[in-house]
Structures are given as structure tokens and as C-alpha cells.
Amino acid sequence: FFFFFFLMIRRPPRSTLSSSSAASDVYKRQGINAEYGQYGLRCKREIWRVNLTLSNMRRTARTLLTLPETHERRQLEGSALLRRCHNLGFLESDKDQLDYVLSLTVPDILERRLQTCLLYTSPSPRDS
């Protein structure tokens with residue numbers, strides 16, 4: 001009787017998914033591989049890091065834009081975010097609004113990397 005009860009409460013075997021998620025990854029890889037060689041990236045983790053930085057900045061800008069313009073938090077954190085974007089060279093000095101932070105893209109940030117600037121300015125050893 002105990003053995004029969006054990007068979008009744010046994011969990012069914014795990015089965016594999018009937019559909020694969022590899023198809024969506026193919027499209028993600030195409031975009032990453034295109035950026036990979038263009039900006040002189042060492043590994044794909046650098047693209048993921050830029051995506052994370054950009055998403056954090058955009059999330060902060062979105063939350064600040066929901067507050068009224070006279071709100072103290074919006075003025076302090078908004079000016080700090082804009083100052084950081086100007087210092088890092090992501091935004092020009094005439095773009096002084098939080099809306100411009102939302103319009104930033106991954107290539108805008110990748111073009112400001114030192115490795116990318118060196119890739120564009122210095123001749124590679126293969127060219128000589």
C-alpha cells in the first residue's frame with residue numbers, strides 16, 4: 001500500500017519545451033555582431049554594460065519627467081544627470097533637457113569610448 005501511494009504522488013517527468021527560443025536569439029545576435037566589429041569591442045559584455053548604463057539613465061530621466069518641474073528632486077537629480085551626460089560627452093552643451101537623455105542610443109555611447117576613438121584615429125598594424 002505504501003509503494004502504491006508513493007507512485008500516486010510522484011511528479012511527472014520533465015519534458016523539454018516543444019518550441020525552441022533560439023529563433024529570437026538569432027536576431028539579437030545579428031545586432032550585437034554588427035556593433036561588435038564596428039566599435040572595436042573586446043567582448044559582448046561591453047555591449048551589455050552599455051545597454052545597462054543607458055537603461056539606468058533613461059529610467060531615471062523617465063521618473064524625473066513624471067515629477068513637476070518645480071519639484072526639488074527633479075531639479076537636483078535632473079541637473080546631476082545632465083551634467084554627467086555632458087561631462088561624458090553623450091550630449092552637446094546646447095541640449096539641456098531631460099528629453100534628450102531619452103533620445104540617447106547605444107551607438108551614441110559607444111562612439112565616446114576611448115577604444116572606439118583610437119580605432120578611428122590610429123592606423124592599424126594590418127594597414128601598413
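Buried residues first. They make up 21% of the 128 residues in the protein chain. Keep in mind that this is a predicted model. The secondary structure comes to seven helices and zero strands. Read from the N terminus, the order is α-α-α-α-α-α-α. Now the contacts. Take pairs in the chain at least 6 apart in sequence: 47% of those contacts join residues at least 24 apart.

Next, helix α3. It covers residues 44–66, which is 23 residues. From first C-alpha to last, α3 reaches 33 Å. The expected figure, at 1.5 Å a residue, is also given as 33 Å, and the helix is close to it. Which residues of α3 are buried? Glu46, Ile47, Val50, Leu54, Met57, Ala61 and Leu64. Note that there is a glutamate in that list, Glu46. I will come back to that residue.

On to the core. The largest nonpolar core has 20 residues. Which of them touch the most other members? Met57, Cys85, Val101 and Leu104. The elements that give two or more residues to this core are α3, α4, α5 and α6. Here α5 is 98–102 and α6 is 106–110. The largest share, six residues, comes from α3.

Look at Val101 in that core. Leave out residues up to four places away in sequence. Val101 then touches Met57, Arg58, Ala61, Leu81, Leu82, Cys85 and Leu91. Two of the names from the core list, Met57 and Cys85, turn up among the contacts of Val101.

Now the largest pocket. How much space lies in it? About 210 Å³. The lining is Glu46, Arg49, Val50, Thr53, Arg84, Leu88, Phe90, Ile109, Arg112 and Arg113. By class, that gives four nonpolar, one polar and five charged residues. Both α3 and α4, the latter spanning 72–88, supply at least two lining residues each. The largest share is four residues, and α3 provides it. So α3 gives the largest share of the lining, and the largest share of the core too, with the cut of helices taken from DSSP runs.

Back to Glu46. It sits in helix α3 and lines the largest pocket. Why does Glu46 count as buried? Because its relative accessibility is 9%, and buried means under 20%. Setting aside residues up to four places away in sequence, Glu46 touches Leu41 and Arg113. Arg113 is itself one of the lining residues of the largest pocket.

Over to helix α4, with two residues to look at. Start with Arg73, which is in α4. Is Arg73 buried or partly exposed? Partly exposed, because its relative accessibility is 42%. Beyond its neighbours within four places in sequence, Arg73 is in contact with Leu64, Leu67 and Gly78. Leu64 is one of the buried residues of α3.

The second is His86, also found in α4. Its relative accessibility is 23%, so His86 counts as partly exposed. The cut-off for buried is under 20%. Not counting residues up to four places away, His86 touches Leu91, Glu92, Ser93, Lys95 and Asp96. Take Asp96 from that list. His86 and Asp96 are ten residues apart along the chain, and their C-alpha atoms are separated by 8.9 Å.

One more stop, Gln97. Where is Gln97? In the loop between α4 and α5. With a relative accessible area of 45%, Gln97 is partly exposed. How far is Gln97 from Gly78, C-alpha to C-alpha? The distance is 8.4 Å, with their positions 19 residues apart in sequence. Gly78 came up before, as a contact of Arg73.

To close, three points to take back to the viewer. The largest nonpolar core takes six residues from α3. The lining of the largest pocket takes four residues from α3. And Glu46, in α3, is buried at 9% relative accessibility.

How values were computed. Residues are numbered from 1 along each chain as its sequence is written. This is a predicted model: local features need pLDDT of at least 70, side-chain atom pairs count only at pLDDT 80 or more; totals for chains, interfaces and linings use all residues. Side-chain values use heavy atoms; hydrogens and water are left out. The expected span of a helix is 1.5 Å times one less than its number of residues. Buried means under 20% relative accessible area, exposed over 50%, partly exposed in between (1.4 Å probe, protein chains only). On a 1 Å grid over the protein atoms alone, a cavity is a set of points where a 1.4 Å probe fits but cannot get out, and a pocket is an open set with protein on both sides within 12 Å along at least five of seven lines; lining residues have an atom within 4 Å of a point. Grid points are joined across faces, edges and corners, and a volume is the space filled by probe spheres set on the points. Ala, Val, Leu, Ile, Met, Phe, Trp, Tyr, Cys and Pro count as nonpolar, Asp, Glu, Lys and Arg as charged, and the others, Gly among them, as polar. Contact means heavy atoms within 4.5 Å. A nonpolar core is a set of buried Ala, Val, Leu, Ile, Met, Phe, Trp, Tyr and Cys residues joined through side-chain atoms within 4.5 Å.
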